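This report looks at how helices pack in one model, and at what surrounds their buried residues.

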Amino acid sequence: DGSGAMGGLSMSPEEMDALLLKAFLQAVKGLKEKELPVETSLFYAQYMRPARPKGSILDIKKSSHKKLATFLGFLCSEGIIRVASSKGQTKLTEVKRNHPLLKEFTPLPFEETAGGEKALEEEAAASAKTPAPIEIEERFRPHHSMYGTLFPDDRQAYYSAQECRTVLSEYIEKEGLVDPMKEGSIVLDPHLCDALFQGESHDGPLPTHLQRHEVVKRFAARLNAFFLMQGGSMKKGNIVPAKYVTGPGGQKTPMVPGVSIKTENRRGHNCTILRGLEILGVDPESFAEEMKVAFAASTSVESQTNSVGKKTFEVMMQGYWDKTLAQHLHQVYKLPKVCIEVHAKKGQSEKNPKSASNICRS
């Protein structure tokens, strides 16, 4: 099978001859007519060598032919191929596909060839380097009135929605707050009343009873929403505050925060501004350098201080890169599209996203 004798390290000339022929037949089975003519040394390096059985070693010097030209001359004498020489180059010009050796040869499956084995290894390595999509999970912190009563007094802890519902249900059951006289009614003891109403303006006295579904609704509305983001290119999970959107009825809905991509004109230059990389745990300077190398773009980073005194960063790219940035963040950083906001006025947008041909991320 061509893989014995330590894959070619101690093969006899006859065994190497057989391995060469097998690799040749395997190679030309996959050679298309439009690829002819092909320079013979190129054919040997890029077609025959990858076509050998995996685990074997082609060494033409250890065959009876000793040289590639001699081996090809043998194939010509057998009527399998034709070659032509011109200006010091020898090219394979024709393959006689009706030759009995070719017609009777059964090629190996691609994965059993040296080229197939290498391709599978490269695919596995690429898969191992490809980050998983970013996963987003909602998390909550209690209202300050809930600490020490409904929740432990741990101001750094985050809870899932299910954990919060369990806390409320267990408190109601433990304190015996289910009203036996009114179906679905919950008695509001001082702690639960504070958890639901403390700090809010209220006309008249606070209620002493509420239906369970009203208790659950008010309790959920008083929790502070966050989102746990993990996966993608992030080395560790990152918890970020939710972005609240006010609906028509005044009700606030927590939304997943994201990055903002905006095109504008600054000081007479078209540019694209990217904000919000903090949610990915990505260093803005490193990202700007990555964009510069990947897309040959002019980039810079500016820092700002927001209304609460926290420093934020924006990456500026000269020109319109809105579609390219959105595609790159989604495909490379695995950021869900729902987390990417693009604001581009008419006439201030890319026609098509560009591809990064020289980027290499580990």
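The cover over the buried residues of helix α8 includes α7 (161-174), β5 (185-187), β6 (209-211) and α9 (212-222). This is a predicted model, in which local features need pLDDT of at least 70 and side-chain atom pairs count only at pLDDT 80 or more, while totals for chains, interfaces and linings use all residues. Residues are numbered from 1 along each chain as its sequence is written, and side-chain values use heavy atoms, with hydrogens and water left out.

Helix α8 spans residues 190-197, and its buried residues are Leu192, Cys193, Ala195, Leu196 and Phe197; buried means under 20% relative accessible area with a 1.4 Å probe, protein chains only. Just after α8, Gly199 takes a positive phi of about 90°.

A second packing site involves α2 and α3, whose axes come within 7 Å and cross at roughly 105°. That makes α2 roughly perpendicular to α3, a term that covers angles of 65 to 115 degrees. By class, their contact has 10 nonpolar, 1 polar and no charged residues, where contact means heavy atoms within 4.5 Å.

| Helix | Residues | Residues in the α2 and α3 contact |
|---|---|---|
| α2 | 13-29 | Leu20, Ala23, Phe24, Gln26, Ala27, Val28 |
| α3 | 40-51 | Phe43, Tyr44, Tyr47, Met48, Ala51 |

Val28, which is found in helix α2, is buried, with a relative accessible area of 0%. Leaving aside neighbours within four places in sequence, Val28 is in contact with Phe43, Val95, Arg97 and Leu102.

Technical notes:
Buried < 20%, exposed > 50% of the residue type's maximum accessible area, 1.4 Å probe, protein only. Helix = DSSP H or I, 4+ residues; strand = E, 2+ residues; numbered from the N terminus. Axes fitted to C-alpha atoms, helices over the stretch in contact; angles between N-to-C directions. Parallel < 35°, antiparallel > 145°, perpendicular 65-115°, else oblique. Nonpolar A, V, L, I, M, F, W, Y, C, P; charged D, E, K, R; others polar.
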